[in-house]
Amino acid sequence: MKKMNTHTALLGSLLAVLSAASFSVQAQEVGRVISSTPIIQQVAVPRQVCNNEQVVSPGQKSGAGAAMGAIAGGAIGNSMGQGSGRAAATMLGLFGGAILGDKVEGNAPPEVRNVQTCTQQMFYENRTMAYNVVYEFAGKQYTVQMPSDPGPTVRLQITPMAPSPSQNYGNVPPPGSAPRY
């Protein structure tokens, strides 16, 4: 009795393994690559382009010439006039001295600065997006698009398919059809 139960358990286990395997039967096969053609696409790539330019701006005076001229002109004007005319002569000396001192100081040398200007520009690059692969398996040629070049062979996952219900095997009617008498 124990022997029969052991045989029954083994047979049941074997049937369970076989039925599970029949649903997930897959074979690892290899196809020979006949050609692999890259699919090239132009892609816009933004880049920042910067240039350095020299900018010349007029120099700024220190104001020392005008100040010294105003002091000297005010002193000279103060020494010339008398009474209420002295104030007018001093004022005239201040203004005249400031103008003359400014002219004596002259123009300041121009300032040269380097200025960087940047712009965003679009450049176009050719990039490989995928590969059109033609391979041979079991005497037939197939075409597939792949994200990378597979090399000389392509690995294939072969899964058997159940026959379609439209195929009629013998006299067995398709499921759901009326019986024939």
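## Overall layout

Among contacts in the protein chain between residues at least 6 apart in sequence, 79% join residues at least 24 apart. The model is predicted. The protein chain holds 3 helices and 4 strands. Read from the N terminus, the order of elements is α-β-α-α-β-β-β.

Buried residues account for 12% of the 181 residues in the protein chain. The accessible surface of the chain is about 14,600 Å². Carbon and sulfur atoms hold 60% of that surface.

## The S2–S3 hairpin

Strand S2 covers residues 111-137. S2 and S3 run antiparallel, with 7 bridges joining them. Two pairings can be named. Glu136 sits opposite Gln141 in S3. Tyr135 has Tyr142 in S3 as its bridge partner.

The hairpin of S2 and S3 has 2 residues between the strands. In this hairpin, Ala138 adopts a positive phi near 55°.

Strand S3 spans residues 140-146, 7 residues in length. The number buried is 0, so S3 lies largely in the open.

## The nonpolar core

The largest nonpolar core has 6 residues in all. Its members are Val33, Tyr131, Val133, Tyr135, Val154 and Leu156. S2 and strand S4 (153-158) are the elements that give two or more residues to this core. S2 supplies the largest share, 3 residues. In soluble globular proteins, nonpolar side chains tend to be buried together.

Tyr135 thus has two roles to note here: a member of the core, and the bridge partner of Tyr142 in S3. Tyr131, also a core member, has contacts in two stretches of sequence. Leaving out residues up to four places away in sequence, Tyr131 touches Ser36, Thr37, Pro38 and Ile39. Tyr131 also touches Val144, Gln145, Met146, Pro147, Ser148 and Asp149.

## Salt bridges

The structure holds 3 salt bridges. One of them joins the side chains of Arg32 and Glu136, at 2.7 Å from N to O. Arg32 lies in strand S1 (residues 27-57) and Glu136 in strand S2, so this pair ties together parts 104 residues apart in sequence. Arg32 is partly exposed, with a relative accessible area of 48%. Glu136 is partly exposed too, at 27%. Glu136 is also the residue opposite Gln141 in S3.

Glu125 and Arg47 meet through their side chains at 2.6 Å, N to O. This pair links distant parts of the chain, with Glu125 in strand S2 and Arg47 in strand S1, 78 residues apart. Glu125 also meets Arg127 in a salt bridge, at 3.1 Å from N to O. Shared partners join Arg47, Glu125 and Arg127 into one network. Each member is partly exposed: Glu125 has a relative accessible area of 24%, Arg47 has 38%, and Arg127 has 38%.

## A nonpolar patch on the surface

Met91, Leu94 and Phe95 make a nonpolar surface patch of about 290 Å². Leu94 belongs to helix H3, residues 84-105. Leu94 is partly exposed, with a relative accessible area of 32%.

Terms used. Residues numbered from 1 in each chain as written. Predicted model: local features only at pLDDT ≥ 70, side-chain atom pairs only at ≥ 80, totals over all residues. Heavy atoms only, no water. Buried < 20%, exposed > 50% of the residue type's maximum accessible area, 1.4 Å probe, protein only. Pairing = 2+ DSSP bridges. Patch = residues over 30% accessible without salt bridge, like charges linked within 9 Å, V, L, I, M, F, W, Y side chains within 5 Å. Areas by Shrake-Rupley, 256 points an atom, 1.4 Å probe, with all protein chains shown as cover. Salt bridge = Lys/Arg side-chain N within 4 Å of Asp/Glu carboxyl O. Core = buried A, V, L, I, M, F, W, Y, C linked by side-chain atoms within 4.5 Å. Contact = heavy atoms within 4.5 Å.
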